[in-house]
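Let's take a friendly tour of this model, with the viewer open beside the text. The stops are a helix pair, a ligand shell and a pair of domains.

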Amino acid sequence: MPEHRKVALVTGITGQDGSYLAELLLAKGYEVHGIKRRSSSFNTGRIDHLYHDRHVPGASFRLHHGDLTDATNLIRILAQVKPTEIYNLGAQSHVAVSFETPEYTANSDALGTLRLLEAVRILGMEKTARFYQASTSELYGKVQAVPQDETTPFYPRSPYAAAKLYAYWIVVNYREAYGLHASNGILFNHESPRRGETFVTRKITRAVAAISLGKQDTLYLGNLDARRDWGHARDYVEGMWRILQQETSDDYVLATGETYTVRHFCDLAFAEAGIAIDWQGEGVNETGTCKKTGKVVVRVDPAYFRPTEVDLLIGNPDKAKRVLGWSHTVTLPELASEMVAADIAELKANA
Ligand code: NDP
Ligand code: GDR
């Protein structure tokens with residue numbers, strides 16, 4: 001690979017990870033190209049601060065309209081951009097939503113990955129472009145062993161995870177069949193103030209902000225006992241980049257190695273705003289309530305339960321530490337604190 005060209009193509013650039021990755025790559029001097037979907041309203045809020053008008057000399061950030069469900073469009077963009085690194089972050093990424101839109105989820109998350117890999121082959125870019133696939137701890141699904149590492153068997157528990165399982169293996173297959181420098185990052189949950197509003201951490205921190213400012217009374221959640229290994233997205237995009245800088249492609253777990261319940265995150269986040277939660281007993285699910293003095297602030301709504309749940313995720317990041325020199329830097333209390341502060345500031349600014 002020519003050392004002087006550093007051109008990245010990022011699918012999912014408008015998402016949480018895409019925005020942090022774009023910042024990282026630009027800071028490292030890359031020419032960054034992103035694929036964004038056409039939408040009826042603006043969907044570039046997370047990356048607007050990076051956008052330079054393409055007529056400005058030296059602009060190194062470009063957006064292209066596209067979609068992982070459109071093969072001809074992917075081929076055209078790849079042919080134009082000639083990336084040296086491709087980060088495939090685009091996906092229908094919401095597990096609960098995948099039960100409602102399983103076919104679309106498979107189309108974008110599984111076949112979308114195949115389309116991108118085929119585009120690389122069709123254009124003869126196997127030796128010039130490195131490929132990163134956004135794989136996920138959801139692959140582990142029904143617990144087979146803990147902590148989960150690169151050798152733990154997969155057991156997907158949702159249409160999302162099943163689609164990502166296909167993507168994981170097609171990446172491995174293209175590496176073995178065609179010598180592509182293609183790697184999977186098996187990333188455990190990572191959050192930030194830019195996390196989508198319907199994922200549980202952000203849903204909680206937004207509610208903490210609204211409740212603390214007197215704009216909301218009650219927060220409805222689903223399974224409070226699910227355990228997740230949560231880190232900060234900024235740390236994880238650094239890991240993605242490091243994976244593609246290796247001489248040899250491979251698969252890596254990125255995780256903190258610690259696991260906490262949704263209930264615990266709730267406690268941390270509410271404590272940040274000085275709101276004590278009076279839980280109505282441990283393990284309450286169907287009718288569980290938690291009270292701030294005299295006032296119910298969190299209730300369980302079974303509508304948020306999933307047909308099949310992933311009960312326990314805890315990753316073993318030893319290989320990433322050893323080979324990539326990567327480890328997380330942000331603790332869960334620090335993450336909760338940053339997210340709550342950002343949501344309070346945002347709500348005040350919009351008041
Ligand atoms: P987000 O949901 O924040 O972002 C997803 C991105 O994919 C958005 O830019 C979205 O565009 C885009 N997208 C969705 N469907 C398509 C499509 N059909 N064609 C092109 N682009 C599409 O996810 P995250 O940033 O959190 O995650 C990034 C990737 O990492 C995803 O693949 C996710 O599945 C995976 N992952 C995430 C983890 C996490 O904890 N965050 C952990 C492990 C894996 P738009 O803005 O228009 O919706
Ligand atoms: P997850 O994230 O499914 O792990 O997928 P999410 O934050 O949606 O759920 C985490 C856990 O919280 C429980 N939960 C709730 N979840 C949501 N969204 N809303 C609720 O009200 C609620 N109440 C309880 C869930 O049941 C679950 O157990 C994320 C996504 O980013 C995927 O794309 C990624 O692959 C994985 O993380 C790793």
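## Helix packing

A crossing is left-handed if the near helix is turned anticlockwise from the far one by less than a right angle, and right-handed if clockwise. In this predicted model, H4 passes H5 in a right-handed crossing. The contact draws on Pro102, Thr105, Ala106, Asp109, Ala110, Thr113, Leu114, Leu117 and Arg121 from H4, and on the H5 side its residues include Tyr160, Ala163, Ile170 and Tyr174. By class, this contact has 14 nonpolar, two polar and three charged residues.

Helix H4 spans residues 102–122 and helix H5 residues 159–178; their axes come within 8 Å and cross at roughly 15°. Angles under 35 degrees count as roughly parallel, and H4 and H5 are therefore roughly parallel to each other.

## Around ligand 1

Which residues come nearest to ligand 1? Of the 27 around the ligand, they are Gly12, Gly15, Gly90, Ala91 and Ala134. The shell divides into six nonpolar, 18 polar and three charged residues.

At least two shell residues come from each of helix H1 (16–27), H4 and strand E5 (130–136). H1 gives the most, with three residues.

## Two domains

The domain assignment splits the chain into domain 1 (7–192 + 230–258 + 311–329) and domain 2 (200–225 + 261–310 + 338–349). Their C-alpha centres lie 30 Å apart.

Where the domains meet, 11 residues of domain 1 are in contact with eight residues of domain 2. Helix H3 (residues 95–100) supplies the largest share of the domain 1 side, three residues. That side has five nonpolar, two polar and four charged residues.

Methods. Residues are numbered from 1 along each chain as its sequence is written. Chains are lettered from A and ligands numbered from 1 in the order in which they are written. This is a predicted model: local features need pLDDT of at least 70, side-chain atom pairs count only at pLDDT 80 or more; totals for chains, interfaces and linings use all residues. Axes are lines fitted to C-alpha atoms, for helices over the stretch in contact, and angles run from 0 to 180 degrees between N-to-C directions. Helices (H or I, at least four residues) and strands (E, at least two) are DSSP runs, numbered from the N terminus. Angles under 35 degrees count as roughly parallel, over 145 as roughly antiparallel, 65 to 115 as roughly perpendicular and the rest as oblique. Two residues are in contact if their C-beta atoms, placed from the backbone, lie within 7 Å. Ala, Val, Leu, Ile, Met, Phe, Trp, Tyr, Cys and Pro count as nonpolar, Asp, Glu, Lys and Arg as charged, and the others, Gly among them, as polar. A residue is near a molecule or strand if its C-beta atom, placed from the backbone, lies within 6 Å of it. Domain bounds come from an automatic or database domain assignment.
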